[in-house]
Amino acid sequence: MLLLTSLTMVAFAANSLLNRAALVDGATGPAAFAVVRVVSGAVALAVFARLASQPIRFRSLNRLWSTLALVLYVFGFSIAYVVLDAGLGALILFGGVQLTMFAGALLMGNSPPARRWIGMGVGFTGLVLLLWPIGPSAFAWEGTAMMLLAALGWGIYSLLGRGSVTPLADTAGSFLCAMPFVLVFWLGSGEGIVISTHALLLAVISGVVTSGLGYALWYTVLPQLEATVAGLAQLTVPVIAVIGGVLLLAEEVDIRTVVAGVIVLGGVAFGIVTPKGRSSPGDRR
């Protein structure tokens with residue numbers, strides 16, 4: 001389970017890197033990237049679900065909510081990465097996801113143990129440290145707002161996925177239902193149909209591999225994780241994205257980002273790792 005969860009976190013970080021790399025030169029707009037990402041993911045997932053003999057169900061309340069949550073995530077994610085670096089965007093995203101999933105766990109009647117509350121508090125402190133403004137133009141607030149909307153969407157999508165028994169089919173259904181929304185978004189954005197070859201390739205990789213298969217893997221792992229553990233685990237993604245941004249996109253990282261990342265990871269470790277001889281009493285399903 002640890003290996004599968006780790007692979008999923010790497011896929012999530014790769015999504016941030018691919019999206020930022022595709023949009024950084026300004027030749028391709030966020031709506032065009034989102035369309036290719038969702039459509040390519042939907043087609044690939046539909047094929048994979050068929051090969052796995054998992055029928056795709058469209059007419060259900062859960063499908064409606066998971067589709068809307070996915071659309072909110074995709075829109076906010078793509079627009080935010082026009083201005084945000086990969087690591088910074090991922091830190092904002094998964095900090096917000098953590099809060100969403102903790103709130104969802106409470107609404108569902110779960111009671112996280114004290115260690116997890118402390119871990120969340122420490123991780124959130126790291127997020128606040130990163131976001132605290134320094135100077136009049138030190139932070140891209142519009143990009144931050146869009147990424148927080150994406151966090152809300154992804155948090156809800158993850159909470160809904162905890163009940164999945166056919167992860168490939170459920171992920172395929174959400175992607176297929178999201179296609180009309182992203183197409184309308186693209187047509188209404190005024191971007192036109194221009195997309196660079198470089199961005200097209202990255203969008204397809206993001207759609208088929210790190211989104212489509214990555215999200216199906218996430219839906220496979222989620223039923224085995226407590227909601228608050230799933231929220232905390234995703235706070236490791238920004239650290240992976242920061243490292244990838246520095247190595248692959250030549251992004252700069254300052255001491256505040258490093259310290260914030262260490263604090264976030266410390267909070268995750270404290271909240272998830274249970275001392276030997278103890279069992280976690282919270283979040284019983």
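# A guided tour of the predicted model

Begin by selecting A103, which has its place in helix α4, the stretch of residues 86-107; helices here are DSSP runs of H or I with at least four residues, strands are runs of E with at least two, and both are numbered from the N terminus. This is a predicted model, in which local features need pLDDT of at least 70 and side-chain atom pairs count only at pLDDT 80 or more, while totals for chains, interfaces and linings use all residues. Residues are numbered from 1 along each chain as its sequence is written, and side-chain values use heavy atoms, with hydrogens and water left out.

With A103 still selected, note that its relative accessibility is 37%, so it counts as partly exposed; buried means under 20% relative accessible area, exposed means over 50%, and partly exposed lies in between, with a 1.4 Å probe and protein chains only. If you add T228 to the selection, the two C-alpha atoms lie 9.0 Å apart in space, although A103 and T228 are 125 residues apart in sequence.

**The whole chain**

Now zoom out and show the ribbon: the protein has 11 helices and 0 strands. Its radius of gyration is 18 Å, close to the 19 Å that the globule rule gives for 285 residues, so the protein is as compact as a globular protein of that length; this radius is taken over C-alpha atoms, and the rule is 2.2 Å times the number of residues to the power 0.38. Turned along its principal axes, the C-alpha trace spans about 55 × 50 × 30 Å.

If you switch on the surface, about 12,700 Å² is exposed, and carbon and sulfur atoms supply 72% of that area, as given by the Shrake-Rupley method with a 1.4 Å probe, where for residues only the protein chains shown count as cover. Of the 285 residues, 52% count as buried. Among contacts with a separation of 6 or more, 89% are between residues 24 or more positions apart, a contact being heavy atoms within 4.5 Å.

**Into the core**

Next, select Y73, L93, F94, M147 and W154, which touch the most other members of the largest nonpolar core, a set of 69 residues. Such a core consists of buried Ala, Val, Leu, Ile, Met, Phe, Trp, Tyr and Cys residues joined through side-chain atoms within 4.5 Å. Helix α2, residues 30-51, gives this core its largest share, 10 residues. In soluble globular proteins, nonpolar side chains tend to be buried together.

Which residues does L93 touch, once those up to four places away in sequence are set aside? They are Y73, F77, M147, A150 and A151.

Move on to A151 in helix α6, residues 141-161, which is buried, with a relative accessible area of 1%. Beyond the residues up to four places away in sequence, A151 touches L93, G96, V97 and T100. Its C-alpha is 7.9 Å from that of I92, which is 59 residues away along the chain.

Then pick A80 in helix α3, which counts as buried at 0% relative accessibility. Apart from residues up to four places away in sequence, A80 touches G143, M146 and M147.

**Along α2 and past its end**

Select α2 and follow its 22 residues: from first C-alpha to last it reaches 32 Å, close to the 32 Å expected at 1.5 Å a residue, where the expected span is 1.5 Å times one less than the number of residues. After α2 comes S53, whose phi is positive, near 55 degrees, although S53 is not a glycine. S53 has its place in the loop between α2 and α3, and at 64% relative accessibility it counts as exposed.

Q54 is found in this loop between α2 and α3 as well. A polar atom of the Q54 side chain lies 3.1 Å from the backbone nitrogen of A169. Leaving out residues up to four places away in sequence, Q54 touches A49, T166, P167, L168 and A169.

**Two last stops**

Select D170 in helix α7, residues 167-189: is it buried or exposed? At 11% relative accessibility, D170 counts as buried, and its contacts, leaving aside neighbours within four places in sequence, are R57, R63, S164, V165 and Y219.

Finish at D254, in the loop between α10 (237-248) and α11 (255-272), where a relative accessible area of 42% makes D254 partly exposed.

How values were computed. Polar contact = N/O pair within 3.5 Å; in protein donor to acceptor, adjacent residues only side chain to side chain.
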